[in-house]
Amino acid sequence: ATTFLVGLGAVAAWSSLSGVAPGDVSLVPCPVHALTGVPCPGCGMTRACVAAARGDFTAAWTLHPFALLLIPLAVAVAASPAWTRAAWARTPRALRGTATGAALAAAIGLWLTRAL
């Protein structure tokens with residue numbers, strides 16, 4: 001998580017200093033999109049995280065709304081990895097499965113709405 005946040009900060013700073021818009025940042029090409037021409041459920045996440053790190057939350061939401069959840073989660077894990085690990089372990093197994101399933105369903109739902 002710390003590496004993610006440091007890298008995100010560096011790319012956001014570079015993007016700001018160079019004048020490159022967050023929507024034009026392309027660090028990791030999507031293999032699904034490259035092979036099929038269809039964006040995957042995570043397409044736009046990198047650009048959305050860069051936009052959020054630059055403070056452009058509207059662009060982040062437009063590029064991929066899950067970035068606004070990913071960054072605070074990464075901050076929590078980086079700030080206190082032992083606490084977040086223990087909190088997840090204390091969460092009942094059924095609730096963890098439900099949360100994981102809900103996140104997956106939300107990602108697929110978002111992907112389908114964008115694909116149509």
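Let me begin with a space: the largest pocket in this protein holds about 350 Å³. What you see above is a predicted model. Rolling a probe the size of a water molecule over the atoms shows where empty space is left.

Which residues lie nearest the centre of that pocket? They are Val 28, Cys 30, Cys 43, Gly 44 and Arg 47, out of a lining of 17 residues. By type, the lining has 10 nonpolar residues, six polar ones and one charged one. Two helices, helix 2 (31-36) and helix 3 (45-53), each contribute at least two residues to it. Helix 3 gives the most, namely three residues.

There is a second largest pocket, with a volume of about 220 Å³. Its lining consists of Met 45, Phe 66, Leu 69, Leu 70, Leu 73, Trp 88, Ala 99, Thr 100 and Ala 103. Eight of these count as nonpolar, one as polar and none as charged. Here helix 5 and helix 7 (93-115) each provide at least two lining residues.

Now a step back, to the whole chain. How many helices and how many strands does the protein have? Seven helices and zero strands. Read along the sequence, then, the pattern is α-α-α-α-α-α-α. The C-alpha trace spans about 45 × 35 × 25 Å along its principal axes. Of the 116 residues, 22% are buried. The accessible surface is about 7,400 Å², and carbon and sulfur atoms account for 72% of that. If you take the contacts with a separation of 6 or more, 51% of them join residues 24 or more positions apart.

Next, the cysteines. A search of the whole structure turns up zero disulfides. Cys 40, for one, is in no disulfide, and the nearest cysteine sulfur, that of Cys 30, is 3.6 Å away. Why does Cys 43 not form a bond with Cys 30? The sulfur of Cys 43 is 3.5 Å from that of Cys 30, its closest cysteine sulfur, and a disulfide needs the two sulfurs within 2.5 Å, so they are too far apart for a bond. The two residues also fall into separate classes of accessibility. Cys 40 counts as partly exposed because its relative accessibility is 22%, while Cys 43 is buried at 18%. The cut-off for buried is under 20%.

Helix 3 deserves a closer look. Its buried residues are Met 45, Ala 48, Cys 49, Val 50, Ala 51 and Ala 52. Against which helices do they pack? Helix 1, helix 4 and helix 5. Met 45 has already come up, as one of the residues lining the second largest pocket. Just after helix 3 comes Gly 55, with a positive phi of about 90°.

One residue on helix 1 (residues 2-18) is worth pointing out, and that is Ser 15. Is Ser 15 buried or exposed? Ser 15 is buried, because its relative accessible area is 0%. Leaving aside neighbours within four places in sequence, Ser 15 is in contact with Val 20, Ala 21, Pro 22, Val 25, Val 50 and Arg 54. Val 50 in that list is one of the buried residues of helix 3.

A second buried residue is in a loop. His 64 sits between helix 4 (57-63) and helix 5 (67-79). With a relative accessibility of 1%, His 64 counts as buried. Where does His 64 make its contacts, once neighbours within four places in sequence are set aside? Its partners are Pro 41, Gly 42, Cys 43, Gly 44, Met 45, Ala 48, Leu 110 and Arg 114. Cys 43 and Gly 44 are familiar from the largest pocket, where they are among the residues nearest the centre. Met 45 and Ala 48 are among the buried residues of helix 3.

Last, a glycine. Gly 23 is in the loop between helix 1 and helix 2. Gly 23 counts as partly exposed, because its relative accessibility is 35%. Beyond its neighbours within four places in sequence, Gly 23 is in contact with Arg 47 and Leu 63. Arg 47 also lies among the residues nearest the centre of the largest pocket. Gly 23 and Arg 90 are 67 residues apart in sequence, and their C-alpha atoms are 39 Å apart in space.

That brings us back to the pocket we started with, and I will stop there.

Conventions:
Residues are numbered from 1 along each chain as its sequence is written. This is a predicted model: local features need pLDDT of at least 70, side-chain atom pairs count only at pLDDT 80 or more; totals for chains, interfaces and linings use all residues. Side-chain values use heavy atoms; hydrogens and water are left out. Buried means under 20% relative accessible area, exposed over 50%, partly exposed in between (1.4 Å probe, protein chains only). Helices (H or I, at least four residues) and strands (E, at least two) are DSSP runs, numbered from the N terminus. Contact means heavy atoms within 4.5 Å. Accessible areas come from the Shrake-Rupley method with a 1.4 Å probe; for residues, only the protein chains shown count as cover. On a 1 Å grid over the protein atoms alone, a cavity is a set of points where a 1.4 Å probe fits but cannot get out, and a pocket is an open set with protein on both sides within 12 Å along at least five of seven lines; lining residues have an atom within 4 Å of a point. Grid points are joined across faces, edges and corners, and a volume is the space filled by probe spheres set on the points. Ala, Val, Leu, Ile, Met, Phe, Trp, Tyr, Cys and Pro count as nonpolar, Asp, Glu, Lys and Arg as charged, and the others, Gly among them, as polar.
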